[in-house]
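Reader: I'm new to looking at protein models. Could you show me how to read one, feature by feature?

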Amino acid sequence: MSDDALPSPAAPVEPLLPFSGLLAMLEPLDEFRGDGPSPEEVVAAFPQWASVDVEDLTVDGPNGPVAARLYRPGGPDAAPLRAGCVWVHGGAFVMGTLDMAESHAVGLALAHRGVAVLALDYRKALRGVRHPVPLEDVAAGWAWAREHADALGVAPDDLHLGGASAGGALVAGLTLRLRDRGEPLPRSLVLAYTAVHAGPVGPPEELARIRAVTGDAFADDFMDACCANYAGPAIGDPYAFAANGDATGLPPTLVLTCELDVLRFSAEEWAKDATDAGVDVVLEDLPGARHGVLDQPTTPHGRAMTQRIGDWLLAPEHPHRG
């Protein structure tokens, strides 16, 4: 039995509140980072990342400025720059910031290994904001990265696109929209513990098995309410939830799941459908891991998933299909 099958520091970060309770907590707040380590705690745990060059900036989008953070290799012990990635954090579409470890620690870790990263924030589905506003924020960041690829030190066609949880749903939807509009696609796509269906997916007996360990995080009614809150009447839009559409023509995709995460069934089903549609998909599960491991970068599972993302981005074999 893995250590993470028992109570551990890698306990799930998802709220146990009903979704309505989560909204009531978040609505009055300007932002909510979540329960993972702070930027200061991340650097204290990984002092070698302190030399990474970090720059906060804003990107002009159709709904106003979009907060972003640029990470580039820096310091004498950093690896040479070899790749570039636009990265989007999760948070059930209603929380998360550039300071959460799922964004900041990922950016630092990848940049230290030689991957320039543009991490994006986006407007949350709070106070009347709905799809496609968060998607448009991410699209603006992606367009900025291509236009300013020299700031990341790579060619525009060598940029990868990735995200975790809700951030993965956003980048999957964006990639479908780029394809449909005939715009250049990312060199590859990375989806970390992402649900791309407009509601819960999975065998009831398996969902019950996982919830016996993790509690009520991502209960079916939570997922239904979360998806409805984000997409509203556009819940069937493939750009809101990529499983509503056809994956044909998408770039090579790494799909990472966590064994003790009810969202993995959505990712697994989509990975199969995408493979059947001719997409080069690599599906990998992290045994014993729970949802949100990238927000727990000091744990073995957090380190393992961050390492795998870096390995994928630095691999030379991804063909560009844009």
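Author: Let's begin with a word: buried means under 20% relative accessible area, exposed over 50%, and partly exposed in between, with a 1.4 Å probe and protein chains only. Tyr230 has a relative accessible area of 0%, so Tyr230 is buried. This is a predicted model, where local features need pLDDT of at least 70, side-chain atom pairs count only at pLDDT 80 or more, and totals for chains, interfaces and linings use all residues. Residues are numbered from 1 along each chain as its sequence is written, and side-chain values use heavy atoms, leaving out hydrogens and water.

Reader: How do I read two aromatic rings, and how many aromatic pairs does the structure hold?

Author: A pair of aromatic rings is described by the distance of the centres and the angle of the planes. Rings of Phe, Tyr and Trp (its six-membered ring) pair if their centres lie within 6.5 Å; planes under 30 degrees apart are stacked, over 60 edge-to-face, and the rest tilted. Here you'll find 6 aromatic pairs. One of them is Phe93 with Tyr230, stacked at 3.9 Å centre to centre with 5° between the planes.

Reader: Where in the chain do Phe93 and Tyr230 sit?

Author: Helices (H or I, at least four residues) and strands (E, at least two) are DSSP runs, numbered from the N terminus. Phe93 is in the loop between strand E3 (83–88) and helix H3 (101–112), while Tyr230 is in helix H8 (residues 220–231). They are 137 residues apart, so to speak, a link between distant parts of the chain.

Reader: Which kind of pair do Tyr230 and Phe241 make?

Author: Their ring centres are 5.9 Å apart and the planes are at 90°, so this pair is edge-to-face. Phe241 lies in the loop between H8 and strand E7 (253–260), 11 residues from Tyr230. With a relative accessible area of 2%, Phe241 is buried.

Reader: What is a nonpolar core, and which residues touch the most other members of the largest one?

Author: In soluble globular proteins, nonpolar side chains tend to be buried together. A nonpolar core is a set of buried Ala, Val, Leu, Ile, Met, Phe, Trp, Tyr and Cys residues joined through side-chain atoms within 4.5 Å. In the largest core, with 70 residues, Phe93, Val94, Leu118, Tyr230 and Trp270 touch the most other members. Helix H6 (residues 166–180) gives the most to this core, with 8 residues. A second, separate core has 35 residues, among them Ala101, Tyr193, Ala289 and Leu294.

Reader: Is helix H3 enclosed or open?

Author: Of the 12 residues of H3, 12 are buried, so H3 is largely enclosed by the rest of the structure. The buried ones include Glu102, His104 and His112.

Reader: And empty space: how many cavities of 30 Å³ or more does a search find?

Author: Rolling a probe the size of a water molecule over the atoms shows where empty space is left. On a 1 Å grid over the protein atoms alone, a cavity is a set of points where a 1.4 Å probe fits but cannot get out, and lining residues have an atom within 4 Å of a point. Points are joined across faces, edges and corners, and a volume is the space filled by probe spheres set on them. The search finds 4 cavities of that size, and the largest has about 120 Å³ of space. Its lining has 13 residues, of which Phe93, Ala166, Ala195, Met223 and Leu263 lie nearest the centre. H8 supplies the largest share of that lining, 3 residues.

Technical notes
On a 1 Å grid over the protein atoms alone, a cavity is a set of points where a 1.4 Å probe fits but cannot get out, and a pocket is an open set with protein on both sides within 12 Å along at least five of seven lines; lining residues have an atom within 4 Å of a point.
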